[in-house]
Amino acid sequence: MIKSIFYRFILSSFCLLLLVSCNTSEAENRIVEDFNFEWQFHLGDTANAQNIGFNTQSWRSLNLPHDWSIEGSFSEEHPTKPEGGALPAGIGWYRKTFSLPKEWKDKSVAIEFDGVYRNSEVWINGEYLGKRPNGYISFAYELTKHLNYGTETNIIAVRVDNSAQPNSRWYTGSGIYRNVRLVATEKLHVAHWGTFVKTPQVSKEQAEVELAVKLQNDSEAEKVYRVISRILNSEQQEVATITSEERSIQAKSTDSIAGVTRVNQPQLWSIENPHLYSIVTTIYENDKAVDQYKTPLGIRFFDFKAETGFTLNGVATKILGVCLHHDNGALGAVANRYAIKRKLSILKDMGVNGIRTAHNPPSLELLQLCDEMGFIVQDEAFDVWKKKKVVADYHTDWADWYKKDLQDLVKRDRNHPSVFMWSIGNEIREQFDSTGIAITKELVGLVKELDKTRPVTCALTENIPEKNFIYQSGALDLLGFNYKHEDYKSFPNRFKGEKIIASETMSALATRGHYDLPAAEVKRWPPAHHAPFDGNEDYTVSAYDMVSAYWGSTHEETWKEVKKLDFIAGLFIWTGFDYLGEPIPYPYPARSSYFGIVDLAGFPKDVYYMYQSEWTTKPVLHLFPHWNWDEGQEVDVWAYYNNADEVELFLNGKSLGSKSKNGDDLHISWKVDYVPGILKAVSSKNGKVVLEKEIKTAGAPAQIKLTPDKKAISDDGYDLIYVTVEVLDENGNLTPKSNNQINFSIEGGGSIVGVDNGYQANLNSFKDKSCQVYNGKCIVIIQSNRFENLITLKASSPKLQSELLNIAVEPIEKKE
């Protein structure tokens, strides 16, 4: 049998199949095997590696998902360039040997890849299955006619070619970096991505649910069947049913059916309460269940209006979004559900309600989590069309693949309630010539053939109508504009009657915990393309919100504009998290971005709390910077706050006065001559204290503190724990300028899979077992190694008190 953890991955895979049935025989009809474990890998091209008898004794054993680039060393000489993360790419091979039970011989068997970067080619038992150039798209291959059963084994081989560089403007990773499944069904089954659910009429009293199902008959005989689709609520209670008439399907063919039902008193999917239903579709042949397929369902209604923006379930709602690249920091491109959930949880706590998948198809896990956690998603297909941005990017594959890639994206993602809009491109160069008209019309038409329930948009840079040919196509439902916030107020006149969203904004820059004094004027780094600027020798950018790229703005500049314009449906900030590559404004050794509101390690920068004070109702009082300076130095002290009338500042118990936000202010500030001690802020409303915050002068580094983000880890082989590492003084205060090297050792049921300190010019490997803290902090990431043994992590450093952390390991059945 296949050596894997049966059904574990499927438990977290919403748009692929989850077995729901009333008896054992039904549950055995569709089998979905986690196919990630026990692969062999070779970095480099190898002749005949696709052949069955090829010798792989020297190859490395590993589990998927896997990104070989993140394991490499940083170098300015890598052809990916610093814009691509300054990490290696190249060619790699994967192979897996597996056996199948004899009972599968009469089934249809397929392999599903969620994403392989890039130019993947696949062989099964030496037979070529095909090639997929796009590194972000999901795809599947039918294996049935090439397989062996019983004692005779099978070999699958995958060649991945990421050698043509540069092929992106940011870090892509290399390899089978998303999940892989093996799916076995009866000959008559629901086809791959074979359902589409719509809710054409929704109110608080009743929702109309329309389901289309595509069936596939792989047998040599005609089949007679009927289909029953049961709608279940979150408690797995049946609330409605769609039943088809009995009908026939010809041999070796497909058939499509559709039906409608109603759900009374529906629980609506919303940002605050993302209630999820599911539709379990069962195919019956001669009254015997032969297949089950699960489709996610979120019942909601929404609208974009030219004058008043966006409404969700009839309630005016501003989309408060961020753009996210697909990498997961120190894990690289690896699509790990737990890493993505941590990222989304940090953003949710900030007040974010929207995600733009910049600039390519996202992982399934991201969309599943957005469904579950309540995010509005702009699902984006392309960064380029025919015209290139870098020499080896997707334009080389456009002509042959754009149609299928776009169709597959829509078919895969159209059942996710979190997906509210399709984006056909980002800053596409065809907006500047007449070819953009025809291409836009064609792409929008391709989307509409598959889904008319969501608007189609495109992220545009040109906001002069007569200069923008994508706009002139007249095909877009929703106009997305990047940057140039000063022009927003003129849009109702420039684009009369059009619905508008700020699809990419800010490009503000910051390094966590670094502060340039005085914080006196806004700077553009660089001030123009490739223009010189007076930057910092250590490749840092001040964490005061005072620096942006020349095409962008500070966070405060654009948010002040967007919040007061009702016709702007919302915004997506560039970016939620720092990401690998595109290290503007600096050259190498900078190797990751400065754009994030949260750094690459997952630590919020100060401006995070400005958004939290604006985008949430929870009480916020954030005081910064740290309080370790030179005696007498004048320090700009800032505070973000809400739910209060004023904030009073104290230094060593002496009041320095109260301040309040006036007009459209988003922060308050004082200039304070530094003396060691305690800086304290007190916010109050109507004379009553709301919050108090203190910052203390720290002494010399003395001890290490380890703080895990959860108490236990599952033994599933995927689960992660992020452990925050802090260097404290003897009194337990964070030492804000410390840079101690922390060494890690681990025993038990986990392995260290990444370390990072969030500093954009840190050239130490993410796979080291040590990490230098940056401004007092770093992160160590522990992954389950599938053994249910207590994990013990030790952190040590010369001259610091060491720290031990014990982490419980639980069997998967005890975890959600």
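## An enclosed strand

Strand S25, which spans residues 419-426, has eight of its eight residues buried, so the strand is largely enclosed by the rest of the structure. The model described here is a predicted one, and the account below begins with the partners of this strand.

## The partners of S25

Strand S24 (residues 376-380) runs parallel to S25, and four bridges join the two. Within this pairing, glutamine 378 of S24 is placed opposite methionine 421 of S25. The pair also belongs to a β-α-β unit, in which S24, helix H4 (residues 398-413) and S25 are combined with a right-handed sense.

S25 also pairs with strand S26 (residues 456-460), again in the parallel sense, and this pairing has three bridges. Here serine 423 of S25 has threonine 457 of S26 as its bridge partner. Between these two strands the chain passes through helix H5 (residues 435-450), and the resulting β-α-β crossover from S25 to S26 is right-handed.

## Two helices in contact

Two packed helices are described by the angle between their axes together with the distance between those axes. For helix H2 (residues 337-350) and helix H9 (residues 607-615), the angle is about 55 degrees and the axes lie 8 Å apart. H2 and H9 are therefore oblique to each other.

On the side of H2, the contact is made by Ile346, Asp349 and Met350, while H9 contributes Tyr608, Tyr611, Gln612 and Trp615. By character, the residues of this contact between H2 and H9 comprise five nonpolar, one polar and one charged.

Definitions and conventions:
Residues are numbered from 1 along each chain as its sequence is written. This is a predicted model: local features need pLDDT of at least 70, side-chain atom pairs count only at pLDDT 80 or more; totals for chains, interfaces and linings use all residues. Side-chain values use heavy atoms; hydrogens and water are left out. Buried means under 20% relative accessible area, exposed over 50%, partly exposed in between (1.4 Å probe, protein chains only). Two strands pair if DSSP finds at least two bridges between them. A crossover is right-handed if, with the strands pointing away from the viewer, the path from the first strand over the helix to the second runs clockwise. Axes are lines fitted to C-alpha atoms, for helices over the stretch in contact, and angles run from 0 to 180 degrees between N-to-C directions. Angles under 35 degrees count as roughly parallel, over 145 as roughly antiparallel, 65 to 115 as roughly perpendicular and the rest as oblique. Contact means heavy atoms within 4.5 Å. Ala, Val, Leu, Ile, Met, Phe, Trp, Tyr, Cys and Pro count as nonpolar, Asp, Glu, Lys and Arg as charged, and the others, Gly among them, as polar.
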